[in-house]
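Please walk through this structure with me, taking its sheets, its surface and its interior in turn.

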Amino acid sequence: MYLRNNVVKLKGEIFNLRRQCDNRGVVHNGRTEVLQLEDASLFSYFQSADTRSVALYTVIFTLFLPFMLYKYLDYLPQIKNLSKRRKTNEEVPLKKRIAYMVDVCFSVYPYAKLLALLFATIFLIGFGGLALYAVSDGSFAEALWLSWTFVADSGNHADRVGTGPRIVSVSISSGGMLIFAMMLGLVSDAISEKVDSLRKGKSEVIEKNHILILGWSDKLGSLLKQLAIANKSVGGGVVVVLAERDKEEMEMDIAKLEFNFMGTSVICRSGSPLILADLKKVSVSKARAIIVLASDENADQSDARALRVVLSLTGVKEGLRGHVVVEMSDLDNEPLVKLVGGELIETVVAHDVIGRLMIQCALQPGLAQIWEDILGFENDEFYIKRWPQLDGLCFKDVLLSFPDAVPCGIKVAAEGGKIILNPDDNYVLKEGDEVLVIAEDDDTYAPGPLPEVRRGRFPKMQDPPKYPEKILFCGWRRDIDDMIMVLEAFLAPGSELWMFNEVPEKEREKKLTDGGLDISGLVNIKLVHREGNAVIRRHLENLPLETFDSMNH
């Protein structure tokens, strides 16, 4: 600037000398025109020099302003309160409040970082262009363009000439590299968050007509196998599992099953069935069936959690198009869940059902294999389907209408879908009624024409007499009192039930009585208590094993 001022002074002196020469008549007309042009150029140069000086001072002031604000920012509220002559008990410094506001802005608004980066880029281009204009001879528009090229490509500043332009161009290029690094960081964080979201199972499931399983338990492996076998006839299906576990752990446990799912896809998502947002994430409103598994907690806690899950399902605004099956742990809690869920909810007390099946299998040897075939999908199983061509027929005619299936009951539409097993022969099927059958698969049977039946006399069958039995129960169950009541109804008088477990004999009667069993009211069976461990062989050898009709563990 000092040299420029000297140049302006020298040119001014030259201009004055030429004016003096012109006054003496030395200069002709052509030189007068040249003097006028030089006068205009000198004026524009002087004006440009003033503009560049203002630009330079603006750049210097802008550079020092952040440091001054950072140092004296906390004194501004004090000066303001002093001018108003009032005292304040404010303890939070202004710098901390501004930092807190910035932190909240970045946390609440997802695009705040991107907007801040865009603002920083625009500011660097404008500020760099102003600095370049102050130290170079070009126009302001040219300086802005050079600033943009330095930000976009840090190598463009290599051809700068002069100390001032080089310092400014290097500073702009350094800021451009910093902004580029910040942009790479934002892009990398966004990609990492998306990949982490996919890995942890937080993405939304876009499916419909799928089967949704809520919760995780040891029964899930068998359940997935049976669903895969059931979907085999339709080429597979989609099963979605929502549990409070890590997605990778769930997929690893399912992979350990080493089972061919035969086209069925199993999708795992991590989340809580109690949260509506997680339920919507797995398209709960579009599922054709929802299964709520009991947790591994005690019976009351497991049923309380199942009740809360049912409440969450009933709170879905879009509604549920499929039915809901809830696994319960205690029979006493079943009415409460049905009351909350209404007609949409079906409950299965697995613990109670298994206990009853064990008793029936103990009384009827070979029945376990029959239950395994009927309740699984490997062989024949139950199917419920509507056949409009059977409307108006009696159930005795329906029994003869299926050559490849065995009708077992009717799902009555007029009674809200109530299932009647082995209805009266004269029951007439109405519109909406469905037929319950045992068949190999859902596409292997269909009603046919009624066959001709030759009438004859049916021989009269007599029930075989009941004899006293001797049964051994190894171990202890929470609902063993209910099992004893079932045996009391099935067994003949004089039967014995031997209870062999590690529960002290003095505590057994108390537990049975607390469960609701009236020991003195047992008529058909007699309880015989033995204490020991069924795993230890010498304890078992002390029992008369050869005298028992059946043994259960």
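Helices (H or I, at least four residues) and strands (E, at least two) are taken here as DSSP runs, numbered from the N terminus. The model is a predicted one, in which local features need pLDDT of at least 70 and side-chain atom pairs count only at pLDDT 80 or more, whereas totals for chains, interfaces and linings use all residues. Residues are numbered from 1 along each chain as its sequence is written, and side-chain values use heavy atoms, with hydrogens and water left out.

With helices defined in this way, the interior can be described through its cavity, meaning a set of points on a 1 Å grid over the protein atoms alone where a 1.4 Å probe fits but cannot get out, with lining residues having an atom within 4 Å of a point. The count comes to one cavity of 30 Å³ or more, and the largest cavity has a volume of about 30 Å³, the volume being the space filled by probe spheres set on grid points that are joined across faces, edges and corners. Its lining consists of D352, G355, R356, I359, D479, D482, M483 and V486. Helices α13 (350–363) and α16 (480–490) each supply at least two residues of that lining, and the largest share, four residues, comes from α13.

Turning to the sheets, two strands are said to pair if DSSP finds at least two bridges between them. One open sheet has four strands in the order β7-β10-β8-β9, with antiparallel pairing; its edge strands, each pairing on one side only, are β7 (381–385) and β9 (418–421). Within this sheet, β8 (residues 406–412) pairs with β9 in the antiparallel sense over four bridges, and I410 stands opposite I420 in β9.

Another open sheet, also of four strands, follows the order β13-β12-β11-β14 with parallel pairing, and its edges are β13 (525–531) and β14 (550–552), each of which pairs on one side only. Strand β12 (residues 495–501) pairs with β13 in the parallel sense over seven bridges, and the bridge partner of W498 in β13 is V528.

On the surface, F180, M183, L184, V187, I191 and V195 form a nonpolar patch with about 560 Å² of accessible area together. Such a patch joins nonpolar side chains (Val, Leu, Ile, Met, Phe, Trp, Tyr) within 5 Å, from residues with over 30% relative accessible area and no salt bridge, a salt bridge being a side-chain nitrogen of Lys or Arg within 4 Å of a carboxyl oxygen of Asp or Glu. Accessible areas come from the Shrake-Rupley method with a 1.4 Å probe, and for residues only the protein chains shown count as cover. One of the patch residues, V195, is found in helix α7 (residues 163–199).

Key. Patches are made of residues with over 30% relative accessible area and no salt bridge: like charges are joined within 9 Å, nonpolar side chains (Val, Leu, Ile, Met, Phe, Trp, Tyr) within 5 Å. On a 1 Å grid over the protein atoms alone, a cavity is a set of points where a 1.4 Å probe fits but cannot get out, and a pocket is an open set with protein on both sides within 12 Å along at least five of seven lines; lining residues have an atom within 4 Å of a point.
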